[in-house]
Amino acid sequence: MSKFFKGFQYAWQGLNYAFSTQINFRFHAFAAALIALCGFVADLSGAEWLWILLSVSLVIVCELFNTAIEVLVDIVSPGYSREAGIVKDLASAAVLISAIFAFITAIIIFIPKI
Ligand SMILES: Nc1ncnc2c1ncn2[C@@H]1O[C@H](COP(=O)(O)OP(=O)(O)OP(=O)(O)O)[C@@H](O)[C@H]1O
């Protein structure tokens, strides 16, 4: 059972690492908090909350994988490598796509409420 709770501790360490080292992760975390605040002010419906939660979670998950991939690439390929750069660019592209999805979701939900 203690192994089960240790898993939460490791996950928290991962979140802590991403938050303290990645400026993009901090930006997206603050954007998520702001969106949540707007959600309460706009009194979103259950379905609207689910879309917001889905899009915000997707961005955070992509950011975490992006950070993990960056760290892994730096271990495996510390010097310059075209392929290492491509791997990092692909991970960044995944974050960008998720952020665009979140932005469009927020526009669709919040614009009619203004
Ligand atoms: N080992 C490498 N070889 C070739 N190109 C690299 C390498 N490392 C990084 N790059 C290029 O530089 C870009 C930025 O890489 P970097 O590791 O600085 O990521 P970052 O998104 O700036 O994150 P952070 O600043 O948090 O480390 C990559 O997307 C890639 O195009």
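## Helix packing and ligand surroundings in a predicted model

Asn 24, Phe 25, His 28, Ala 32, Ile 35 and Gly 39 of H2 are in contact with Trp 49, Ile 52, Val 56, Val 59, Ile 60, Glu 63 and Thr 67 of H3. By class, the residues of this contact between H2 and H3 comprise eight nonpolar, four polar and one charged. The structure is a predicted model. Helix H2 covers residues 23–42, and its axis lies 10 Å from that of H3, at an angle of about 170°. Because angles over 145 degrees count as roughly antiparallel, H2 is described as roughly antiparallel to H3.

The loop between H2 and H3 contains Asp 43. Asp 43 has a positive phi of about 50°, although it is not a glycine. Most residues other than glycine have a negative phi. Asp 43 counts as exposed, because 8 C-beta neighbours lie inside 10 Å and the limit for an exposed residue is 12 or fewer.

**The ligand shell**

Ten positions are listed around the ligand: Gln 22, Glu 70, Ser 77, Tyr 80, Ser 81, Ala 84, Gly 85, Lys 88, Asp 89 and Ser 92. Helix H4, which spans residues 82–110, gives the most to this shell, with five residues. The shell around the ligand divides by class into two nonpolar, five polar and three charged residues.

**Annotated positions**

In an unreviewed UniProt entry, the annotation "binding site" covers Tyr 10, Glu 70, Lys 88 and Asp 89. These positions span 80 residues in sequence, and their farthest two C-alpha atoms are 26.6 Å apart, so they do not all gather at one spot. A "binding site" annotation from the unreviewed UniProt entry also covers Glu 70.

Glu 70 is placed in helix H3, which runs over residues 46–76. When residues up to four places away in sequence are left out, Glu 70 touches Lys 88 and Ala 91. Both Glu 70 and Lys 88 are among the residues that surround the ligand. Asp 89, which also belongs to the ligand shell, lies in helix H4.

**Exposure of selected residues**

Which class of exposure does Glu 70 have? Glu 70 is partly exposed, with 17 other C-beta atoms within 10 Å, because its count falls between the limits of 12 or fewer for exposed and 20 or more for buried. Asp 89, by its own count, is exposed. The table gives the counts for four residues discussed in this report.

| Residue | Location | Other C-beta atoms within 10 Å | Class |
|---|---|---|---|
| Glu 70 | helix H3 | 17 C-beta atoms | partly exposed |
| Asp 89 | helix H4 | 9 C-beta atoms | exposed |
| Arg 82 | helix H4 | 6 C-beta atoms | exposed |
| Asp 43 | loop between H2 and H3 | 8 C-beta atoms | exposed |

Arg 82 is found in helix H4. How far apart are the C-alpha atoms of Arg 82 and Gly 14? They are separated by 27 Å, and the two residues are 68 residues apart along the chain.

Note on methods:
Residues numbered from 1 in each chain as written. Predicted model: local features only at pLDDT ≥ 70, side-chain atom pairs only at ≥ 80, totals over all residues. UniProt positions renumbered as here; feature names shortened; annotations may be inferred. Helix = DSSP H or I, 4+ residues; strand = E, 2+ residues; numbered from the N terminus. Contact = placed C-beta atoms within 7 Å. Near = placed C-beta within 6 Å. Nonpolar A, V, L, I, M, F, W, Y, C, P; charged D, E, K, R; others polar. Axes fitted to C-alpha atoms, helices over the stretch in contact; angles between N-to-C directions. Parallel < 35°, antiparallel > 145°, perpendicular 65-115°, else oblique.
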